[in-house]
Amino acid sequence: MLTFDLALIAKAQSVLQGQVVRTPLLSSPMLNELVGANVYVKAECLQKTGAFKFRGAMFKLSQMTAQERDKGVITYSAGNHGQAVAAAARHWGCPCVVVMPEHAPRIKQENCRWWGTEVVLYNKDREDREDVARRLINSRGMTFVSPFDDPHIMAGQGTIGLEVIDQLAEACAIPDSVWLGCSGGGMAAGTLTALRSKFGDFESVLVEADGYTKWATALQQGKPVKLEELPNTLIDGIAGPAVGFLPFEALRPIRPRAEVAYLADAFSGMRAAFQLLKLVVEPGGAAALGALIRERERYRDKTIVVVCSGGNVDPDVFQQAWAP
């Protein structure tokens, strides 16, 4: 079985050089004043396909055999991972199917189709995405690309952390705390593993959508969990039902803390990113920033890294963030 470790993250960085965007690590005096701390925002909303997911998908497909790619790939996704796999599949010239919930943001559905993939919609109240994907895998012989529970995916996302290490060195900064939106945990596992190789122990905060606080439960129980009830939420980017087994094993020794983000927090993060950093960020991508702003009194004069993980937001949802 392939081992997920720092060496695999370093390999991913080498393979992905020139294929992914080295997204900026942004700071703003106005944001620093708002939070009362030195805040550095990793703008993964500027990544290809508008989210960090392209890193993992591109590395995963690069490590598949030509025969596997010829048969095609399939995944399930609320949108960002689907777009990433679709874009990577187009790069490699292989067929692709993305299983998405019917309520997935229109922009994410349309973007998947733009990359040339087949989108299969399902009703999350009556169907399980794993069952839908499994039927298609069995009938078509495609390779499943996990959104998070795969060493290659985790390593690809971990290249975020390697970039942040270099960018913090340029800023002469050392993090006291790192905040990330978290669903299955692939990005958190990869990024925090990379960062800890340089900075050792710092506070790690996994931000979850209200109603989807599976990481808080998993960390308390000491094992991955899967939610049975899935409420509708606009914070869709971090609203998956399950904690990944491999990410959990990678994150457990790091001892992260789980923090909930409410819709008001996500909207607060979206407004701050747009006003102070000139970034368009979706609710799930802004949840970590918004939760930090809510909890800012606890972080006076600290140095904090926040990952704004995606920017694929429908115009009407973006407008809701500004509604009085």
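Mentor: Before we start, contact means heavy atoms within 4.5 Å. You're looking at a predicted model, where local features need pLDDT of at least 70, side-chain atom pairs count only at pLDDT 80 or more, and totals for chains, interfaces and linings use all residues. Residues are numbered from 1 along each chain as its sequence is written, while side-chain values use heavy atoms and leave out hydrogens and water.

Trainee: Okay, which residues in α3 does α1 meet?

Mentor: Helices (H or I, at least four residues) and strands (E, at least two) are DSSP runs, numbered from the N terminus. On the α1 side, you'll find Leu8, Lys11, Ala12, Val15 and Leu16 at the contact. Across from them, the residues in α3 are Arg55, Met58, Phe59 and Ser62.

Trainee: By class, how many residues of the contact of α1 with α3 are charged?

Mentor: Ala, Val, Leu, Ile, Met, Phe, Trp, Tyr, Cys and Pro count as nonpolar, Asp, Glu, Lys and Arg as charged, and the others, Gly among them, as polar. Going by that, six residues of the contact of α1 with α3 are nonpolar and one is polar. The number of charged residues there is two.

Trainee: At what angle do the axes of α1 and α8 cross?

Mentor: Axes are lines fitted to C-alpha atoms, for helices over the stretch in contact, and angles run from 0 to 180 degrees between N-to-C directions. Helix α1 spans residues 6-16 and helix α8 spans residues 151-170, and their axes come within 8 Å. α1 and α8 are therefore roughly perpendicular to each other (65 to 115 degrees; under 35 is roughly parallel, over 145 roughly antiparallel, and the rest oblique). The crossing angle is roughly 80 degrees.

Trainee: And how far apart are the axes of α1 and α3?

Mentor: Helix α3 covers residues 53-62 and packs against α1 at an angle of about 90 degrees. That pair is therefore roughly perpendicular too, α1 to α3. Their axes are apart by 10 Å.

Trainee: Let's move to α6. Which of its residues are buried?

Mentor: Buried means under 20% relative accessible area, exposed over 50%, and partly exposed in between (1.4 Å probe, protein chains only). Helix α6 runs over residues 106-114, and its buried residues pack against α5 (80-92), β4 (96-101) and β5 (118-122). Arg106 and Trp114 are exposed, on the face turned away from the buried side. The buried ones are Lys108, Gln109 and Cys112.

Trainee: What follows α6 with a positive phi?

Mentor: Look just past the helix for a phi near 95 degrees. The residue with that value is Gly116.

Trainee: Which strands sit at the edges of the four-stranded sheet?

Mentor: Two strands pair if DSSP finds at least two bridges between them. This open sheet has the order β5-β4-β3-β6, with parallel pairing. Each edge strand pairs on one side only, and the two are β5 and β6 (143-144).

Trainee: In that sheet, which residue in β5 does Met100 stand opposite?

Mentor: β4 and β5 pair in the parallel sense, over five bridges. Opposite Met100 in β5 you'll see Leu121.

Trainee: Now the six-stranded sheet. What is the order of its strands?

Mentor: This one is also an open sheet, with mixed pairing. Within it, six bridges join β2 (residues 38-43) to β10 (residues 303-308), which run parallel. β7 and β10 pair in the parallel sense as well, over four bridges. The whole order reads β1-β2-β10-β7-β8-β9.

Trainee: In β10, which residue is the bridge partner of Ala43?

Mentor: β10 is mostly covered, with six of its six residues buried. Thr303, Val305 and Val307 lie on one side, and Ile304, Val306 and Cys308 on the other. Among the bridges, Asn38 stands opposite Thr303 and Ser177 stands opposite Ile304. The partner of Ala43 is Cys308.

Trainee: Is Thr49 buried or exposed?

Mentor: Thr49 lies in the loop between β2 and α3. Its phi is near 70 degrees, a positive value in a residue other than glycine. With a relative accessible area of 13%, Thr49 is buried.

Trainee: And Lys278, buried or exposed?

Mentor: Lys278 is found in the loop between α12 (263-277) and α13. Phi is positive for Lys278 too, near 60 degrees. At 64% relative accessibility, Lys278 counts as exposed.
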